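Please find below my notes on this model, set out as numbered points. They cover strand pairing, helix packing and the cysteines.

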Amino acid sequence: MSKKDKIINEMEKARLKQSIEHYIKYFIAKRSVELSKEEALKAVALAVREFALDKMYETIARYNETNGKRIYYLSVEYLLGRSLENNLHNLGLFDVIKSIKIDGMPDFKIEEIFDAEYDPALGNGGLGRLAACFLDSMASLGIPGFGYGINYKFGLFKQKFDNGYQVEQADSWEWEESPWEFSRPDRTVKIPLYGEVEVFESAHGKTFTWVNTRHIYGVPYDFPIVGYDGKSVNYLRLFSAKSDNALDINIFNKGGYIDAVKENIETETVSKVLYPSDAVESGKTLRLIQQYFFVSCAIQDIIRRFLEKSNDFKKLPDYICIQLNDTHPSIAIAEMMRLLIDTYGQTWEDSWNIVTKVFAYTNHTLLPEALETWSVRLFEKLLPRHLQIIFEINKRFMDLAKEKFGDNTEVLNKLSIVAGSDDNKIIRMANLSIVGSFKVNGVAKLHSELVKTTLVPEFYALWPEKFTNVTNGITPRRWLLHANHGLANLISDSIGKDWVTHLDKLKDVEKFVNDEKFINDFINIKIKNKEFLAHKIFKLTGVLVDSKSMFIVHAKRIHEYKRQLMTIMQVIGDYLDIIKDNVYPACPKTYIFAGKAAPSYKFAKLIIKLINNVAEVVNNDPRVNDMLKIVFIPDYKVSVAEFLIPGASVSVQSSTAGYEASGTGNMKFALNGALTVGTLDGANIEIRECVGEENFYLFGLTEEEVNAKKETYNPRELYENSEYIKRIMNAINSNMFCEKDYFLIFKMIFEELINRDTFFVLEDLPAFDEAISKAEKDFLDQKAWAKKAILNVARIGHFSSDRSIMDYAENIWNIKPC
């Protein structure tokens, strides 16, 4: 460290210490000796926030001075994870904070303070975590990029298990009391709902007025996003729903104490919970209101910012690009049209020309049933003006489509934004997103090709120039520098620290693949990570696992196509081999599951129950002799992933080929030295190409083979002809794993697989078992295994979210780092 750097370091240390003491005394209002860990966290976080805000003010001033184009990222969820440790790393204060001692404060380890921070409950899975990685990369690259979303109070849900079943509980994080958030009440926006539209004729044409509306208000809360080295700090703006009438005093005075606050309660429900169940009509209504609420808040705020620079709306595409993260924010297209026409007096033609140069859309799913639709009836009730606008967009679009496809009814029906019969019409939000955007991208090479050839080939035929690919990525700051200190330090000591912002430089690690000291250090780091993970597993589940065993991890949202069911069936096969044939695996194995099922997804919840019941039987059977252990870590979230991923030996990425858009968990595991057992699906394909076929355990049907088999696939025939499959299935259909449950609760799984097996579990199960068996044998040679893992780390550099963001910036947004 240079003399200048030492002086700066001491100045930062003195300022940080003084700020912490200030917040303890005047914000927590306690003596240092009385502090709890949570209070210490708040004081430290507020002090660190000062440094972040200073950098944020500098960043915004720089953006304003250059007056360049900005990207606004609209996502219904952001899975941010804890912020304190990550921000300390990015601000260069991590070593500084470790050297500070506050007089009288309890002798907390800094790790204890980090652990006191609660994950913001603002997201669910891959979609929200991707959005968080992208925000990190925008800030680290100096891209003028800002996120918009909802400030959920409860997020999705907290997952617990009761008798093996998933139980959902409210996940109440600190919300508006978070030290990282600060409100901007002066930027509150007004959101209309319900009502009807009046049409007025004049010499200048028709004008539309949305009248008799109810209003809710969006209050913004800003969350600083600190880029690496603190050079740029952007922010995520999240909106909380408020009523303009917190208490109706007239009703209150008449004795209606509950009714007096009813409107306020109903309004604030809008920003209470992520993904309310759409199994009931009220849940569907709330979901649509949520989506409109957040995009209206965002679009109004974006236009306000633009008007501070210019009042010429034709210049708006020169200053603004809006990225739709899936279809949840797609109502933004109709909302911007409404505001431009009804509020700012622009013509339809000018407005549409602006909108279609501003919006870009990222598709995240190949499942047709996952492409969002809304009933026209519900739209008409909640958003009558938007329904008019969507109908007009569709009318004009259909006229355009007919110029290419003539009266081909089959093609036109697939293209239409509005579908269904007169009494059951729906709005297809993916179609609206494609029609209203200038670019449409998939998130992995295979996925992007399937979007063009399978999902929406008619749109591709109409607008081939619209479609492109941007393979997803992950931030190395969170997923290596922050989550895996040992490995990050080993890499930095070996090749320098440039990899933190240029992940492709990890290729230099390959030079050490035969270096004995590097290999031994790598193995010892993995051992320590596994020991720490074993400690966490015991703390969270009460199950004692052998840290020397092979840790096989299947961690992701529970869904049939992700095939956690196949993984637990392979475990059942191993268990039956042990108890019936006295055949043991080549090495001890611990299977670690983590992930949540949607509350209304009954089959996925039954899979969770099966995993937990199998674990209960296997873990307590002395015949297994610790060769097999199964654990399901509850309430999977970012802070859990941060200790789970570095300790993994094997990463299971087993989705049915052609169903996973990309996946990013596969990238995180490979970056941390886990070997993948996976299918040719999503980003697995590109990962395998990069790390080398010999360092990836491939199994299963290809996407082409899946499609070829769909019409003729007969899972019952597989069951009848394979003793391996038959005895696993029969075990599931017996009381072997449900003796305490009074009836054969897993018969539904048996029936589903033997009669339909939509996701080819039985077809791919033997190949999956072979891949796991090969991995077991290879695991016995720890040095050879370490070499494979080192090559995974060295060759994974392409999958940085920095690279993804630069792909977006150069090929879609037309934005340069500032």
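1. In this predicted model, strand β1 (residues 70-74) runs parallel to β2, and four bridges join the two. Within this pairing, L74 stands opposite Y148 of β2.

2. Strand β2 is also joined to β10 (residues 233-242), again by four bridges and with parallel direction. Here G147 of β2 stands opposite L236 of β10.

3. How many of the six residues of β2 (residues 145-150) are buried? Six of the six are, so the strand is largely enclosed by the rest of the structure. In a regular strand, side chains alternate between the two faces of the sheet. In β2, the residues pointing one way are G145, G147 and G149, while F146, Y148 and I150 point the other way; all are buried. Y148, the residue facing L74, and G147, the residue facing L236, thus belong to opposite sets.

4. Further along the chain, six strands make up an open sheet with parallel pairing, in the order β20-β19-β18-β21-β22-β23. The edge positions are taken by β20 (628-633) and β23 (697-698); each has a single partner strand, so one side of each is left without a neighbour in the sheet.

5. At the β23 edge, the partner is β22 (residues 675-678), which runs parallel to β23 and is joined to it by two bridges. One residue pair to inspect there is V677, whose bridge partner in β23 is Y697.

6. Helix α21 (residues 516-541) packs on this sheet and touches β18 (550-555), β19 (589-594) and β20. The direction of α21 makes about 65 degrees with that of β20.

7. Helix α22 (residues 564-581) lies across β18, β19, β20 and β21 (650-653). Its direction is at about 155 degrees to that of β19. Strands β18, β19 and β20 are therefore listed for α22 as well as for α21, given that contact means heavy atoms within 4.5 Å.

8. On the cysteines: a disulfide is a covalent bond between the sulfur atoms of two cysteines. With a cut-off of 2.5 Å between sulfur atoms, the count comes to zero disulfides. C818 is in no disulfide, and the nearest cysteine sulfur, that of C321, is 17 Å away.

9. Is C818 buried or partly exposed? C818 is partly exposed, with a relative accessible area of 27%. C297, by contrast, is buried, at a relative accessible area of 0%.

Terms used:
Residues are numbered from 1 along each chain as its sequence is written. This is a predicted model: local features need pLDDT of at least 70, side-chain atom pairs count only at pLDDT 80 or more; totals for chains, interfaces and linings use all residues. Side-chain values use heavy atoms; hydrogens and water are left out. Buried means under 20% relative accessible area, exposed over 50%, partly exposed in between (1.4 Å probe, protein chains only). Two strands pair if DSSP finds at least two bridges between them. Axes are lines fitted to C-alpha atoms, for helices over the stretch in contact, and angles run from 0 to 180 degrees between N-to-C directions.
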